[in-house]
Amino acid sequence: MTASVFSARSRVGSSTGSDTLEIGILRAAPSAGSVELACQHPENRPDLITRARARALRELLESQDVSPIVHTDSSVNTAELYPAVRDAVRRHMDGYLNLCTQVGSRTLIVHGGLAFGDDPSAAVDASTTMLAEWAADAASVGIALVLENMNALPVEAEIRYLGCTGAEVRHLIDTVDSPALRACVDLGHAHLLDEGVAGFVASVAGHIGHVQITDNDGVFDHHLALGTGTLDIDAALVELHAAGYRGALAVELDGVDDRVTSLPVLARAIAAFEDRQSASPAHGSA
């Protein structure tokens, strides 16, 4: 039986991008079964979302049959070293957890943080300590954290993101050692690595809780519309399947036009992949 693009909706997700959360949800709903609430944008920050707005968001999500995933702000440093600032970062995360419970999200996208200078070891330790605290808090309210792999910066840069390669993400997850912390595979970021998507996905196999997708040229993280760069979506779907992942892929693009054109590209790719799986002898004998 041929899978339809509509039936692929459950595996298609979309970010709200630069829209307000409300407009982003309505744009995504016809094509996507899940939506990333892009709370890194100023008007969508948790501290600006009142209880009344959160309640209205939950009602909107339910009316559109869309599952929410909350996206935190990567500029807030999970690996902060100074105690007073770390306390503020912790309070900032509390706001995201509260928002998740209010809008009905069971998944929260987090980041490994930033390191300054040539030796990131102290920052890595700070990151794992903070992630462990967040994971414990999240588990207590039934929320799973998913750690997004970031884009590797040039070696000349004064700062570096923590958790870019598969090995780095696995180190953070394995060190925290909590079922409440899994990997958020950003396929666009993985496409920039020497190990590529295949190597990255293999490294985090068995730990994948969410997937994001954008396109690029394999050199710079341009966040292009799907099909306009060199990311092989079909190959990525194969690697994710081999790694045991059966969940959604979320188009994480800010611009409305890029999101609107990318969603059907992703839906067609997923539908074609599901057709191939259904037609394979291994599937038929299962």
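This passage walks through the salt bridges, cysteines and pockets of the structure. The model is a predicted one, and the description below starts with its charged side chains.

Side chains of opposite charge can pair when their charged atoms come close. A search of the whole structure turns up 10 salt bridges, and a few of them make a good introduction. One joins Asp19 to Arg27, with 2.8 Å between the closest N and O atoms. The two partners sit in unlike surroundings: Asp19 is buried, at 9% relative accessibility, whereas Arg27 is partly exposed, with a relative accessible area of 42%.

Another salt bridge lies within a single helix. Glu62 and Arg58 are both part of helix α2, which covers residues 51-63, and they are 4 residues apart, about one turn of the helix. Their closest N and O atoms are 3.5 Å apart. Here Glu62 is exposed, at 55% relative accessibility, while Arg58 counts as partly exposed, at 32%.

A further pair, Arg90 and Glu133, links two helices. The side chains of these residues meet in a salt bridge with an N to O distance of 2.9 Å. Arg90 belongs to helix α3 (residues 83-103) and Glu133 to helix α4 (residues 121-140), so this contact ties together parts that are 43 residues apart in sequence. Both ends of the bridge can be described in terms of accessibility too: Arg90 is partly exposed, with a relative accessible area of 25%, and Glu133 is likewise partly exposed, at 31%. Salt bridges can also share partners, and in this way Asp19, Arg27 and Arg259 are joined into one network. The buried Asp19 and the partly exposed Arg27, already met as a pair, thus return here as members of that network.

The cysteines come next. The structure holds 0 disulfides. Cys39 takes part in none, and the nearest cysteine sulfur to its own, that of Cys100, is 8.1 Å away. Seen from the other side, the closest cysteine sulfur to that of Cys100 is in Cys39, and the 8.1 Å between them is too far for a bond. As for their surroundings, Cys39 is buried, with a relative accessible area of 0%, and Cys100 is buried as well, also with a value of 0%.

Finally, the pockets deserve a look. The largest pocket holds about 360 Å³ of space. Its lining is made up of 21 residues, and those nearest its centre are Pro120, Arg160, Tyr161, Leu162 and Glu168. Two elements give two or more residues to this lining, namely β7 (159-161) and α5 (166-176). By residue character, the lining of the largest pocket divides into 12 nonpolar, 4 polar and 5 charged residues.

The second largest pocket has a volume of about 290 Å³. It is lined by 18 residues, of which Gln40, His71, Ser74, His223 and Glu252 are the closest to its centre. The lining of this second pocket consists of 3 nonpolar, 10 polar and 5 charged residues. A reader turning from one pocket to the other can therefore set the 12 nonpolar residues lining the largest pocket beside the 10 polar residues lining the second largest.

Notes: Residues are numbered from 1 along each chain as its sequence is written. This is a predicted model: local features need pLDDT of at least 70, side-chain atom pairs count only at pLDDT 80 or more; totals for chains, interfaces and linings use all residues. Side-chain values use heavy atoms; hydrogens and water are left out. A salt bridge is a side-chain nitrogen of Lys or Arg within 4 Å of a carboxyl oxygen of Asp or Glu. Buried means under 20% relative accessible area, exposed over 50%, partly exposed in between (1.4 Å probe, protein chains only). A disulfide is a pair of cysteine sulfur atoms within 2.5 Å. On a 1 Å grid over the protein atoms alone, a cavity is a set of points where a 1.4 Å probe fits but cannot get out, and a pocket is an open set with protein on both sides within 12 Å along at least five of seven lines; lining residues have an atom within 4 Å of a point. Grid points are joined across faces, edges and corners, and a volume is the space filled by probe spheres set on the points. Ala, Val, Leu, Ile, Met, Phe, Trp, Tyr, Cys and Pro count as nonpolar, Asp, Glu, Lys and Arg as charged, and the others, Gly among them, as polar.
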